[in-house]
Amino acid sequence: MLQSDNWVRLIGKVAQRPTQSTIHKERECYTTVLHMKRLSGVIDSAIIIASKEKMLKDDVREGHKVSITGKIQTYSKYGVDGKRHVTVYVWADEIQRVDDVTEDVDIVRLTGVLKSAPVVRYAKFSGKNVTDFILRVGTRPENYSFIPCVAWNNVAVTLSRSGQMETIRLKGRLQSRDYLKVSEKGEEEKVAYEVSIIGLIW
């Protein structure tokens with residue numbers, strides 16, 4: 001069942017000590033990183049931001065197991081290099097300590113508008129069809145989030161039948177991947193955050 005147009009539930013382990021966030025400057029917020037383990041053993045990370053009250057109410061610390069319910073948001077700004085940099089994060093509406101829970105959870109539900117029509121390509125490294133696209137989520141321009149998404153195989157082919165500015169409803173999980181950014185200064189390790197789509201909600 002679709003919970004809202006932008007709904008996330010995560011259960012994982014806090015990977016770093018919460019620190020004050022610089023994104024929501026109009027209010028005092030804290031940020032941390034959550035690690036969620038897939039069934040395959042691969043660990044995804046997610047940037048978590050919450051109000052000071054929610055982040056600190058249960059004395060959330062590195063190593064604690066927590067449950068988070070919230071929404072995916074994006075924040076963009078121009079860096080000193082003159083390029084626009086986008087941060088993908090989870091705004092936590094609720095945070096709870098769940099030290100007795102053993103399995104991690106990573107569930108995303110999104111309703112949004114396609115910024116452009118998804119195009120399927122063949123990924124030689126995996127031998128699978130893949131498409132990546134941006135989903136605009138939000139009800140007003142001032143609170144739009146532009147969420148990067150990726151889909152594989154049959155899901156990718158189905159999405160490719162959708163057109164630009166079409167509204168779609170999706171389910172998936174939040175994932176992270178490491179990559180090397182090559183610039184004049186050399187190679188730099190970076191992390192990309194995106195929603196891996198596992199299906200459409202009709």
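A residue counts as buried under 20% relative accessible area, as exposed over 50%, and as partly exposed in between. I wrote that down before anything else, with a reminder to myself that this is a predicted model.

**Entry 1: the aromatic pair**

I searched the whole structure for aromatic pairs and came away with one. Its partners are Y144 and F146, set edge-to-face, with 6.2 Å centre to centre and 80° between the planes. Next I asked myself: is Y144 buried, exposed or partly exposed? Its relative accessible area is 23%, so I put Y144 down as partly exposed. F146 is also on my list as partly exposed, because its relative accessibility is 35%.

**Entry 2: D106**

I then turned to D106, which I found in strand β7, residues 105-114. D106 is a buried residue, and I could find no salt bridge for it. Which side chain of opposite charge is nearest to D106? That is R173, 5.1 Å away. A salt bridge needs the charged atoms within 4 Å, so R173 at 5.1 Å does not make one with D106. What does the side chain of D106 reach instead? I noted the backbone nitrogen of L174, at 2.9 Å. Leaving aside neighbours within four places in sequence, I listed R9, L10, M36, G172, R173 and L174 as the contacts of D106.

**Entry 3: the core**

My next stop was the largest nonpolar core, which has 43 residues. I jotted down the residues with the most contacts inside it: I48, I72, L135, L159, V195 and I197. Which strand gives the most to this core? It is β6, residues 84-97, with six residues. I picked I72 for a closer look. Setting aside its neighbours within four places in sequence, I72 touches N6, V8, V88, Y89, V90, V108, S145, I147, L174 and V195. L174 was familiar to me by then, as its backbone nitrogen is what the side chain of D106 reaches.

**Entry 4: positive phi values**

Last, I looked at backbone angles. N153 is not a glycine, yet its phi is positive, near 50°. I placed N153 in helix α2, residues 153-159. With a relative accessible area of 34%, N153 is partly exposed. M165 is another non-glycine residue with a positive phi, this one about 70°. Where does M165 lie? I found M165 in the loop between α2 and β11, the latter being residues 167-183. Its relative accessible area is 48%, so M165 went into my notes as partly exposed.

Key:
Residues numbered from 1 in each chain as written. Heavy atoms only, no water. Helix = DSSP H or I, 4+ residues; strand = E, 2+ residues; numbered from the N terminus. Buried < 20%, exposed > 50% of the residue type's maximum accessible area, 1.4 Å probe, protein only. Lys, Arg positive; Asp, Glu negative; His and termini not counted. Polar contact = N/O pair within 3.5 Å; in protein donor to acceptor, adjacent residues only side chain to side chain. Contact = heavy atoms within 4.5 Å. Core = buried A, V, L, I, M, F, W, Y, C linked by side-chain atoms within 4.5 Å. Phe/Tyr/Trp six-rings, centres within 6.5 Å; stacked < 30°, edge-to-face > 60°.
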